[in-house]
Amino acid sequence: MDQRIEIIRGDITKLHVDAIVNAANSSLLGGGGVDGAIHRAAGPQLLEECRTLLGCKTGEAKITKGYNLPAKFIIHTVGPIWQNGNHDEDELLAQCYKNSLRAAEQNHVESIAFPSISTGVYGFPIERASRIALREMNEHLPHAQTIQKIIAVCFSEHDYRLYLASAKEFDERKKI
Ligand code: ADP
């Protein structure tokens with residue numbers, strides 16, 4: 001794993017980073033889970049700005065200000081809803097990470113935190129999602145322009161352990 005990737009357990013809304021990523025829905029008008037938590041913490045101005053964006057397609061990303069959050073920006077991305085794995089879920093999830101990182105670079109972000117996109121209400125198996133998330137972070141960093149730190153934020157102890165196991169597996173594979 002690239003040394004610039006950190007896996008932590010915590011609440012993404014509390015982090016002092018340049019940008020946090022929101023696992024939004026395609027309306028961008030708020031929802032449950034991490035989306036609800038971000039809107040509550042950022043305040044009502046976030047919804048006002050989101051209304052002007054006219055939604056977001058699955059796999060794409062749109063950026064707003066962070067308002068009352070410690071983070072300067074929020075990058076809203078829409079993860080795929082897990083069906084059975086045969087509906088481009090893996091590729092669409094990878095696109096969420098790629099497009100979020102691209103939006104971050106375009107806005108000169110140096111530090112960015114991701115939640116575990118799609119693994120809540122959207123039902124993507126977390127082990128599989130964590131491998132995709134960590135792979136995309138690792139692939140981005142060697143050609144990063146402004147990003148110096150990527151934080152993978154796990155909300156539960158269970159998710160945190162799975163992410164650590166995937167990171168270990170990633171390192172083991174590298175050694176062969
Ligand atoms: P999705 O619809 O993309 O599945 P969810 O918000 O339901 O999005 O879940 C995505 C992940 O975000 C889940 O692992 C969930 O536990 C986690 N999560 C929920 N609240 C927070 C928070 N405040 N900080 C970080 N992660 C969170």
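Two strands are taken to pair if DSSP finds at least two bridges between them; strands (E, at least two residues) and helices (H or I, at least four) are DSSP runs numbered from the N terminus. On that basis, six strands of this predicted model form an open, mixed sheet in the order S1-S6-S5-S2-S4-S3. Residues are numbered from 1 along each chain as its sequence is written, and side-chain values use heavy atoms, with hydrogens and water left out. In this predicted model, local features need pLDDT of at least 70 and side-chain atom pairs count only at pLDDT 80 or more, whereas totals for chains, interfaces and linings use all residues.

**Sheet**

- S1 and strand S3 (61-65) are the edge strands; each has a single partner strand, so one side of each is left without a neighbour in the sheet.
- The twist from one strand to the next averages 25°, angles being taken from 0 to 180 degrees between N-to-C directions, with axes fitted to C-alpha atoms, for helices over the stretch in contact.
- S1 runs parallel to S6, with five bridges between them, and Ile7 has Ala152 of S6 as its bridge partner.
- S2 is joined to S4 by six bridges in the parallel sense, Ala23 being partnered by Thr77 of S4.
- S2 also pairs in parallel with S5 over two bridges, where Ile20 stands opposite Ala113.
- Five of the six residues of S2 are buried, that is, under 20% relative accessible area with a 1.4 Å probe, counting protein chains only.

**Helices on the sheet**

- Helix H1 (residues 33-42) touches S2 and S4 (contact: heavy atoms within 4.5 Å), and its direction makes about 130° with that of S2.
- H5 lies across S1 and S6, at about 155° to S1.

**Helix pair H3 and H4**

- Helix H3 (residues 89-106) packs against helix H4 (residues 126-140) at an angle of about 35°, with the axes 9 Å apart.
- Residues of H3 in this contact include Leu93, Tyr97 and Leu101, and those of H4 include Ile132, Ala133 and Met137.

**Nonpolar cores**

- The largest nonpolar core (buried Ala, Val, Leu, Ile, Met, Phe, Trp, Tyr and Cys residues joined through side-chain atoms within 4.5 Å) has 32 residues, and Tyr97, Ile112, Phe114, Met137, Ile150 and Tyr163 have the most contacts inside it.
- H3 supplies the largest share of this core, seven residues.
- Beyond its neighbours within four places in sequence, Met137 is in contact with Ile5, Tyr97, Phe114, Ile150 and Ala152.
- A second, separate core of 20 residues includes Ile12, Leu46, Leu53 and Val78.

Terms used:
Buried means under 20% relative accessible area, exposed over 50%, partly exposed in between (1.4 Å probe, protein chains only).
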